[in-house]
Amino acid sequence: MISVQAPPEFTEKLRNQTARRGEPAVLQCEAKGEKPIGILWNMNNMRLDPKNDNRYTIREEILSTGVMSSLSIKRTERSDSAMFTCVATNAFGSDDANINMIIQEVPEMPYALKVLDKSGRSVQLSWAQPYDGNSPLIRYIIEFKRSRASWDEIDRVMVPGHTTEAQVQKLSPATTYNIRIVAENAIGSSQSSEAVTIITAEEAPSGKPQNIKVEPVNQTTLRVTWKPPARTEWNGEILGYYVGYKLSNTNSSFVFETVNFLTEEGKEHNLELSNLRVYTQYSVVIQAFNKIGAGPMSDEEKQFTAEGTPSQPPSDTACTTLTSQTIRVSWVSPPLESANGVIKTYKVVYAPSDEWYDETKRHYKKTASSDTVLHGLKKYTNYTMQVLATTAGGDGVRSAPIHCQTEPDVPEAPTDVKALVMGHAAILVSWRPPAQPNGIIQQYTVYSKVEGADGEAKSQKIPHYQMSFEATELEKNKPYEFWVTASTNIGEGQPSKSIVAMPSDQVPAKIASFDDTFTATFKEDAKMPCLAVGSPQPDITWKIKGIEFSGNDRMRILNDGSLLIKSVNRQDAGDYSCHAENSIAKDSITHKLIVLAPPQSPQVSLSATTTDSLTVKLKPHEGDTAPLHGYTLHYKPEFGEWETAEVSVDAQKFSIDSLLCGSRYQVYATGFNNIGAGEASDILNTRTKGYKPKLPEKSRFIEVSSNSVSLHFKAWKDGGCPMSHFVVENKKRDQIEWNQISNNVKPDNNYVVLDLEPATWYNLRITAHNSAGFTVAEYDFATLTVTGGTIAPSRDLPELTAEDTIRIILSNLNLVVPVVAALLVIIIAIIVICILRSKGNHHKGIKQFY
């Protein structure tokens, strides 16, 4: 019988065991050997006593081959990650076994999250690797969102667990993001790291402006309106827009204008493009820009400026007389480049030439063709015609006037007839010419016959210049019927009314002439007829404006009874009555004399003023007799040359434009008619609105530094008249001569005067010019020290003239007299001392000689 007595032995000397944190775990070790065997537990080489921590429980189980010891942990903790050692002991020896307990858990949150680099669409991140929970990190999850979104609306980027740097891409420029990171192992995910906030870099806008509209405002202006790109495409803060325009269908480059961004949400932007060509198609593009640059250019929007009026008249205008009442007018369209629109119609403006001056007498005929026939014209009348083209913009330039005369026709009947008894066998027939001669009267025909008799009437041809006929060899006491016709080269016209007269021995005084209106031209002679019959011979007398006329050097009664007026003047106009009287009867007629003279001085008054225009009212003289054709307005600036403007007779007001702002003007007017230009009105002295420039506050105008001074010319007020330029001069305060820095500084700019000395007082002289005059302003300032400090104010001593010096001396005689006396005493003492010394030296020299 052999008995082997063995010490304890562990079959497995070292092994690893894992457990999840917070869950129970059991560690077991089996010792084989001679019983009894005692087993103790060490934790990291320290005795483990369950009494000190109730989480631990130790149990033993006796086996046939040895002892099984179990260490139970109710709830594992991170500290349980340790080396547990089973130490088995019996009477024959001891042995131990190690169990490496690994407590696994979710990782801790990553930390030290940093931004290494960023651009507009990506960000480079780094972080420190956290505690991995005794389980290798599988990956990191980078979570990011826009700052205004919730963490329920996130994007994720997966990163392998072995790295601590990553790049997040597909971000939007100039956008604020919140970023955090989560670590993940086989157990689970860590808590999120602290979020960092980043703002991606700005990029040029990626979107185009929206809702672009281009509409014509007038013939030379287009209005462009648009809205910003979609907010997500700004890629920063939009600062403004570049609006480009050019002539369509050309290879020229776009001309760009800049428009500042409007911050109001949804506000529509707009820009008016002015000084464009009339009825011309332009292409417009817009691009938004921020501080990085400009975004994509929008698609071209094309639009025409509004139609204008044709700038050239129809050419080759011509007229052809067709009949006595119709004229054909033809023309050629204006050049296409001068149409400034689509020519839809033409207008022919026409009127009798002697009425052409009066706009109300003109007639208009529209046509779409290049010729037309004017109907219903006056017979044998000279017509003046002009042709113009029209577009949707209005009437174009009129062609030069052309003239055509309608054909002659037979005349109308003489307007009135008289038959006056001259004796027992003679009757005087007189008549007035036709109102519408329809040509040149070649002759008159006087018809006569016994009233009621059958047969043809006798006729007598009378020259066109003779307006009466003496019918003789008539039968006494028989009534005779008379009528008259007029003839042109076309033929004989209609007969006048018939008038009946009977020869008789008694011949009462009668006047054969008719009441009439005579028109005389200024300074020409006038003759008014008064042909009378009667037996005995009637006496002829005239009354002028109701006053008996006896004759003078300028007026006299002729042998035929007519009144002759030499060199008529305005005062001769009025009623003239002729009276014939004999013993049987008396008769009278009244003529009206109209003197056509140049217009008298019109009235000119000021209606309104602006900075560059004067509006005047024009009123004709009440004493004008001849129809006024228009006015000539004369105007000039106070020290300029006279200019003129033609004004229509119907214009009650007229504006003189493009004048100098804030300047004095002289204005007067003359009227004109078919006689000539009239007398000048009184001169109207007035001025346009606006004043010389006004001084700004020094603090707003001058900005001083060590070696320069900045001048902000926008601080000047222009007085209503735009600034033209500034003259800048400066000098040191102790200098006399001014230095001219510039004589043509443009307004609305800043100007910097350089090369100044630090900590020095200067004088600055500014001369501001506009059309109303100039304003001189002087400022003093001190440049800053080299370090940017200010210097103390200077104490200026006034310069004293000789008179000031004398006055000061005289006012202080109490002080001056003692001082002068003391000075005189000192001077005398010095002189005496010098004399005594010179004598002493002389005697000493004699002694030495001997």
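**Exercise 1. Which residues does Asp-299 touch, not counting residues up to four places away in sequence?**

Solution. The structure is a predicted model, and the first step is to place the residue within it. Asp-299 lies in the loop between β22 (281-289) and β23 (301-304). The second step is to list its partners: leaving out residues up to four places away in sequence, Asp-299 touches Lys-208, Val-284 and Val-285. A further step gives a distance to the neighbouring region, for the C-alpha atoms of Asp-299 and Ser-283 are separated by 9.5 Å, with these positions 16 residues apart along the chain. The last step concerns accessibility: the relative accessible area of Asp-299 is 55%, and since exposed means over 50%, Asp-299 counts as exposed.

**Exercise 2. Describe the overall form of the chain, and decide whether it is spread out or a compact globule.**

Solution. Begin with the secondary structure, which comes to 3 helices and 63 strands. The radius of gyration of the chain is 61 Å, whereas the globule rule gives 29 Å for 850 residues; the value is well over that figure, so the chain is more spread out than a compact globule. The extents of the C-alpha trace can then be set beside this result, as the trace spans about 215 × 145 × 45 Å along its principal axes. Turning to the surface, the chain exposes about 47,500 Å², of which carbon and sulfur atoms supply 49%, while 39% of the 850 residues count as buried. Among contacts with a separation of 6 or more, 64% are between residues 24 or more positions apart. Finally, for the charges, the mean positions of the 86 positive and 97 negative ones are 6 Å apart.

**Exercise 3. Identify the residues with the most contacts inside the largest nonpolar core, and find which strands supply at least two of its residues.**

Solution. The largest nonpolar core has 23 residues, and those with the most contacts inside it are Leu-27, Ile-39, Trp-41 and Phe-84. At least two residues of this core come from each of β3 (25-32), β4 (38-43), β7 (66-73), β8 (82-90) and β9 (93-104). As background, nonpolar side chains tend to be buried together in soluble globular proteins. To follow one member in more detail, take Ile-39: apart from neighbours within four places in sequence, Ile-39 is in contact with Cys-29, Ala-31, Glu-60, Val-67, Ser-69, Cys-86, Val-87 and Ala-88.

**Exercise 4. Locate the prolines that follow the cis peptide bonds from Lys-35 and from Ser-535.**

Solution. Take the bond from Lys-35 to Pro-36, which is cis with omega near 0°; Pro-36 is found in the loop between β3 and β4. Then take Ser-535 and Pro-536, which are joined by a cis peptide bond with omega about 5°, and note that Pro-536 sits in the loop between β42 (532-535) and β43 (539-544).

**Exercise 5. For Ala-112 and Asn-340, give phi, the place in the chain and the class of accessibility.**

Solution. Ala-112 is a residue other than glycine, yet its phi is positive, near 55°. Ala-112 belongs to strand β10 (residues 111-118) and has a relative accessible area of 39%, so Ala-112 is partly exposed. Asn-340, likewise not a glycine, has a positive phi of about 55°. The place of Asn-340 is in the loop between β25 (327-332) and β26 (345-352). For the last step, the cut-off for buried is under 20% relative accessible area; the value for Asn-340 is 17%, and therefore Asn-340 is buried.

Notes. Residues are numbered from 1 along each chain as its sequence is written. This is a predicted model: local features need pLDDT of at least 70, side-chain atom pairs count only at pLDDT 80 or more; totals for chains, interfaces and linings use all residues. Side-chain values use heavy atoms; hydrogens and water are left out. A nonpolar core is a set of buried Ala, Val, Leu, Ile, Met, Phe, Trp, Tyr and Cys residues joined through side-chain atoms within 4.5 Å. Buried means under 20% relative accessible area, exposed over 50%, partly exposed in between (1.4 Å probe, protein chains only). Helices (H or I, at least four residues) and strands (E, at least two) are DSSP runs, numbered from the N terminus. Contact means heavy atoms within 4.5 Å. The radius of gyration is taken over C-alpha atoms; the globule rule is 2.2 Å times the number of residues to the power 0.38. Accessible areas come from the Shrake-Rupley method with a 1.4 Å probe; for residues, only the protein chains shown count as cover. Lys and Arg count as positive and Asp and Glu as negative; His and the chain ends are not counted. The place of a charge is taken as NZ of Lys, CZ of Arg, CG of Asp or CD of Glu.
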